[in-house]
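Visitor: Hello! Could you help me learn to read a protein structure?
Guide: Gladly, let's look together.

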Amino acid sequence: MNDCLFCKIISGEIPSKKIYEDDLTYAFADIAPQAPVHILVIPKKHVTGWSAVMGESDELLAHLMRTAAIVAKQEGLEETGYRIVSNCGPDARQTVPHFHLHILGGKELSEKMA
Ligand code: AMP
Ligand code: ZN
C-alpha cells in the first residue's frame with residue numbers, strides 16, 4: 001500500500017529506529033512514547049487491522065505474537081513485565097491503518113485498561 005505510513009517505514013522511505021526485523025515482521029520505536037519503552041511490532045505485509053486478520057495465515061499471526069515476546073525479552077522487559085496493546089478502529093483510536101502491536105513497559109503501568 002503506497003500511502004500507508006507503516007509500509008513506508010518498512011520500505012525505509014520514512015526513517016524509524018529499528019528494534020528488530022525478520023522475514024515477516026518489523027519492530028521499531030514509537031515516535032511519541034507513552035512509556036519508557038514503547039515499541040511497535042508490525043507485519044511487513046500490509047494488513048489494515050484486527051478486522052482483516054481473518055484473511056491472514058495462522059503463521060503470520062502467530063509469528064507477530066512471537067516477535068512481540070522476542071522483542072520484549074531483547075529490551076529487558078521479561079522480568080519486570082510489559083503490556084501489549086492493539087487498537088482497532090475509531091473507538092479504540094486506531095490512527096494508523098496497518099496492523100500493529102504496542103509493547104509498553106519500563107515502569108509500572110496504569111491499572112486502568114480504558
Ligand atoms: P494507533 O493509535 O494504535 O494506531 O498507534 C499508532 C502509533 O504510531 C502511535 O503510537 C504513534 O505515536 C505512532 N507513530 C506515528 N507515526 C510514527 C512514526 N513516523 N514513527 C514511529 N511511530 C509512529
Ligand atoms: Zn501498510
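Visitor: Are Cys4 and Cys7 buried or exposed?
Guide: One thing to keep in mind is that this is a predicted model. In it, Cys4 is buried, and Cys7 is buried too.

Visitor: Which residues are the protein donors of the zinc ion (ligand 2)?
Guide: Those two cysteines appear again here: Cys4 and Cys7 each give an SG atom, while His46 and His98 each give ND1. These donors lie 2.0 to 2.3 Å from the zinc ion. Along the chain, their spacing reads C-x2-C-x38-H-x51-H.

Visitor: How do I read the geometry of such a site?
Guide: Start from the ideal: four tetrahedral donors have angles of 109.5 degrees at the metal. Here, the angles among the four donor atoms are 107 to 116°, and the zinc site is tetrahedral.

Visitor: Which residues are the closest to ligand 1?
Guide: Ligand 1 is surrounded by 16 residues, and the closest are Asp30, Asn87, Thr95, His100 and His102. Its space is the largest pocket.

Visitor: Where does the backbone come within reach of ligand 1's oxygen and nitrogen atoms?
Guide: A backbone N or O atom of Thr95 lies 2.7 Å from an oxygen atom of ligand 1. For Ile31, a backbone N or O atom is 3.1 Å from a ligand nitrogen. Arg93 has a polar backbone atom 3.2 Å from a ligand oxygen. Of the 500 Å² that ligand 1 exposes when taken alone, the protein buries 84%.

Definitions and conventions: Residues are numbered from 1 along each chain as its sequence is written. Chains are lettered from A and ligands numbered from 1 in the order in which they are written. This is a predicted model: local features need pLDDT of at least 70, side-chain atom pairs count only at pLDDT 80 or more; totals for chains, interfaces and linings use all residues. Side-chain values use heavy atoms; hydrogens and water are left out. Donors are N, O and S atoms within 2.8 Å of the metal (3.2 Å for Na, K and Ca); water is not among the atoms, so sites may look incomplete. Four donors count as tetrahedral if all angles lie between 85 and 135 degrees; four count as square planar and six as octahedral if opposite donors are over 155 degrees apart and all others between 65 and 115; anything else is irregular. Buried means under 20% relative accessible area, exposed over 50%, partly exposed in between (1.4 Å probe, protein chains only). A residue is near a molecule or strand if one of its heavy atoms lies within 4 Å of it. A polar contact is a pair of N or O atoms within 3.5 Å; within protein, one must be able to donate a hydrogen and the other to accept it, and residues adjacent in sequence count only if both atoms are side-chain atoms. Accessible areas come from the Shrake-Rupley method with a 1.4 Å probe; for residues, only the protein chains shown count as cover. On a 1 Å grid over the protein atoms alone, a cavity is a set of points where a 1.4 Å probe fits but cannot get out, and a pocket is an open set with protein on both sides within 12 Å along at least five of seven lines; lining residues have an atom within 4 Å of a point. A molecule sits in a cavity or pocket if more than half of its atoms lie within 2 Å of its grid points.
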